[in-house]
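Here is a small set of exercises to work through with the model open beside you. Try each task first, then follow the solution at your own pace.

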Amino acid sequence: MDNVINLKRGLDLKLAGGLPDDAEIRHIEADAVAVTPDDFPGFVPKLEVKEGDTVACGSPLLRDKIQEQVKLVSPIDGVVERVVRGDRRKIIRVEVRRSAEPVARDAVKVADNAEAILAAIAQAGLLAMMRQRPYDIVPRVDIRPRDIFVTAFDSAPLAPSLERMVADRAEDIECGVRALAKLTDGHIYISTRKDSQIAVPTEAVHYIVNGPHPAGNAGVQAANIAPVNKGEVIWTLDIVTLARVGKLVRTGEADWDVNVAVTGSEVETGYIAATQAGAAIAPILSGNVKADGRHHRIIAGNVLTGVAVDPEGYLHYPYRQITVIPEGDDADEFMGWASMRPGKMSVNRSFPSRFIPGKRFAPDARLLGGRRAMIMSGVYDDMFPMDILPEYLLKAILSKDIDKMEALGIYEVAPEDFALCEYADPSKIEIQKAVRDGLDYLRKELE
């Protein structure tokens, strides 16, 4: 009998610019890629290369100062073109330009034991693609997780199908489950939608998850299956990363090819770009952004959790979506943020758009209102499908009250779980940033 979770709270944003059912796949080989350390919370970068060095696909570019075996690697064969630094010489990103000739590299034979598997996925850059709870950071290699949770679908706005990305990788998924099972004394949980065609290996526990976003967040699934308690550690990842682990164990080579959904109301045609992790965005969007005279915001990711980038920027983790929407700084509408026009998207029932069935909206990036004191309106509860009081937890985080944070469930959450709360928040608080800062503060105080 299937294990089923029915989530009621949350919200699916009805945005224009989604992928058509028969979305075209365009193969765009990345001439340049970038690895951005800030995409990996808890990773303290130290350079392994210098400008001008030749690197193979899978060669380390950066290592963690705390856990030296954890690496970030190059997704392509090429030459380190530039190391971009910020204030106090902070490493912003490492840019690699593809070389004309492939760079030779040796496959790694991975022994069938926990120590060898953990070392291999850490060296290959795959451990950085996972997250540990508590703290939502790159997993610690010296802590054995209680359980490992894998999400096989993405419920975020305009998100692509993860099932399509692993459609022909059943063997890799099976090998990945067997490998990760050696790293935990608990279970491997894989969560899918009801109609999923993914063949879940018998070694894993299969859950069917119904409900709106954020149902696809691995942390939300974990909270509704086996919540994290103080002193416990779990890992979360997506099915694509699981398949990469399986391929590494099976063949000795990591796979850094990605399928990126090009979406958003300002895109001419939604399609899937088959490219490499960290690829430059300009070639992917070339000729496919509407020439409507509006200012555009390009987001590496989805509209809730993605990173705003320049047209000459690069993909950011998890490397599977680009969204283009109007910036809104050139908008001119009657009554501004208080406009009641039918084309305006809102969670509030007082807006007429709530009563137009099937309508798709094209919101811009404006804040639509000023920041103000936190309003205890209960709106967070409608967006948060976890057994946690999000408003009270946020207040504890903002006041840096560690005891209250622990009592209210800080160990279970990640910033992405609060993305919908931030969208619906009448107080315009940067909730995801506050949660990230709270998790970092808690880790600093307790470790």
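**Exercise 1. Decide whether G252 is buried or exposed, and describe its surroundings.**

*Solution.* Keep in mind that this is a predicted model.
- Step 1: take the relative accessibility of G252, which is 6%.
- Step 2: compare that value with the cut-off, where buried means under 20%. G252 therefore counts as buried, because its relative accessibility is 6%.
- Step 3: place the residue in the fold. G252 sits in the loop between α5 and β15.
- Step 4: list its contacts, leaving aside neighbours within four places in sequence. G252 then touches A107, V108 and K247.
- Step 5: look further afield. R371 is 119 residues away from G252 in sequence, and their C-alpha atoms are 51 Å apart.

**Exercise 2. Check the span of helix α3 against the expected value, then find what its buried residues pack against.**

*Solution.*
- Step 1: α3 covers residues 170-181, which makes 12 residues.
- Step 2: at 1.5 Å a residue, the expected span is 16 Å. From first C-alpha to last, the helix reaches 17 Å, close to that expectation.
- Step 3: pick out the buried positions, which are D172, I173, C175, G176, V177, A179 and L180.
- Step 4: recall a rule of helix geometry. With 3.6 residues a turn, residues three or four places apart in an α-helix point the same way.
- Step 5: find the partners. The buried residues of α3 pack against two helices, α1 (114-123) and α5 (239-251), and against the strands β11 (147-151), β12 (188-192) and β14 (234-238).

**Exercise 3. Work out which strands pair with β13, and in which sense.**

*Solution.*
- Step 1: remember that strands of a sheet pair through backbone hydrogen bonds, either parallel or antiparallel.
- Step 2: take β1 (residues 3-6). This strand and β13 (residues 205-210) are parallel, with 4 bridges. Here N6 has N210 as its bridge partner in β13.
- Step 3: take β12. Its pairing with β13 is also parallel and has 4 bridges. On this side, T192 is bridged to I208 of β13.

**Exercise 4. Give the strand order of the open sheet of 4 strands and name its edges.**

*Solution.*
- Step 1: the order is β3-β9-β8-β5, and the pairing is antiparallel.
- Step 2: look for strands that pair on one side only. These edge strands are β3 and β5 (54-55).
- Step 3: zoom in on one edge. β5 is joined to β8 (residues 78-85) by 2 bridges, and V55 has G78 as its bridge partner in β8.

**Exercise 5. Describe the largest cavity and the second largest pocket by volume and lining.**

*Solution.*
- Step 1: count the cavities of 30 Å³ or more, which gives 1. The largest cavity has a volume of about 80 Å³.
- Step 2: sort its lining by class, which yields 9 nonpolar residues, 1 polar and no charged. Among the lining residues are M129, W256 and Y319, while β3 (32-35) and β7 (71-73) each supply at least two.
- Step 3: turn to the second largest pocket, which holds about 750 Å³ of space. Of its 32 lining residues, D154, A156, A159, P160 and S161 are the closest to the centre.
- Step 4: ask which elements give two or more residues to that lining; they are α2 (162-165) and β15 (257-263). The largest share, 4 residues, comes from α2.
- Step 5: sort this lining too, into 18 nonpolar, 6 polar and 8 charged residues.

Notes: Residues numbered from 1 in each chain as written. Predicted model: local features only at pLDDT ≥ 70, side-chain atom pairs only at ≥ 80, totals over all residues. Heavy atoms only, no water. Expected span 1.5 Å × (residues − 1). Buried < 20%, exposed > 50% of the residue type's maximum accessible area, 1.4 Å probe, protein only. Contact = heavy atoms within 4.5 Å. 1 Å grid on protein atoms, 1.4 Å probe; cavity = no way out; pocket = protein on both sides within 12 Å on 5 of 7 lines; lining within 4 Å. Points joined across faces, edges and corners; volume = space filled by probe spheres on them. Nonpolar A, V, L, I, M, F, W, Y, C, P; charged D, E, K, R; others polar. Pairing = 2+ DSSP bridges.
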